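Got your viewer open? Let's take a short walk through the model, one selection at a time.

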Amino acid sequence: AVHACIVCASASCPDLRPQAFVASKLREQMDDQLRAWMANPTKGFVADQGTGEIKMSRIFLWFADDFGGLGKPSLQYALPYAPEAAAKATSARLG
């Protein structure tokens, strides 16, 4: 989750959060940041329901081990935070 909360100056990095992270709300804020990142079609997660093509932030490639590995493990990590329609369509294709 930390990769969604830092800004690395890459085009696919998440946007800067408009407020500071607070220890008592950290998990909630990190989850919120992940959802916002995945919902951004130019930075996070896009699933073309017509072709089945999936595009994800390059961060999932660069830090694949942090997300469980390349391919399906990274995808499974991202799905709970992806926009609902895209997540459902992708989950259906994964079986």
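Start by selecting Leu61: its relative accessibility is 41%, so it counts as partly exposed. Before going on, keep in mind that what you're looking at is a predicted model. Leu61 sits in helix H2, which covers residues 59–62.

Now add Trp62, Phe63 and Leu70 to your selection. Together with Leu61, they make a nonpolar surface patch of about 410 Å². Show the surface if you like, and colour these four residues to see the patch.

Next, the charged side chains. Side chains of opposite charge can pair when their charged atoms come close. How many salt bridges are there in this model? The count comes to 4, and we'll visit some of them.

**Stop one: Asp32 and Arg17**

Select Asp32 and Arg17 and show their side chains. They meet in a salt bridge, with 3.0 Å from N to O. Which parts of the chain does this pair tie together? Asp32 belongs to helix H1 (residues 26–39), while Arg17 comes from the segment before H1, so the bridge links parts that are 15 residues apart in sequence. Try a surface view here: Arg17 is buried, at a relative accessible area of 13%, whereas Asp32 is partly exposed, at 35%.

**Stop two: Asp31 and Arg27**

Stay in helix H1 and pick Asp31 and Arg27, which are both in this helix. Their side chains form a salt bridge too, at 3.1 Å from N to O. The two residues are 4 apart, or about one turn of the helix. Is Asp31 buried or exposed? With 18% relative accessibility, Asp31 counts as buried, because the cut-off for that label is under 20%. Its partner Arg27 is partly exposed, with a relative accessible area of 47%.

**Stop three: Glu84 and Lys88**

Finally, move along to helix H4, residues 84–94, and select Glu84 and Lys88. Here the side chains meet in a salt bridge of 3.1 Å, N to O. The pair is 4 residues apart within H4, so about one helical turn separates Glu84 from Lys88. Switch the surface on once more and look at both ends of the bridge. Glu84 is exposed, with a relative accessible area of 56%, and Lys88 counts as exposed as well, at 56% relative accessibility.

To look back over the tour, select the patch residues Leu61, Trp62, Phe63 and Leu70, then add the Asp32 and Arg17 pair, the Asp31 and Arg27 pair, and the Glu84 and Lys88 pair.

Conventions. Residues are numbered from 1 along each chain as its sequence is written. This is a predicted model: local features need pLDDT of at least 70, side-chain atom pairs count only at pLDDT 80 or more; totals for chains, interfaces and linings use all residues. Side-chain values use heavy atoms; hydrogens and water are left out. Patches are made of residues with over 30% relative accessible area and no salt bridge: like charges are joined within 9 Å, nonpolar side chains (Val, Leu, Ile, Met, Phe, Trp, Tyr) within 5 Å. Accessible areas come from the Shrake-Rupley method with a 1.4 Å probe; for residues, only the protein chains shown count as cover. Buried means under 20% relative accessible area, exposed over 50%, partly exposed in between (1.4 Å probe, protein chains only).
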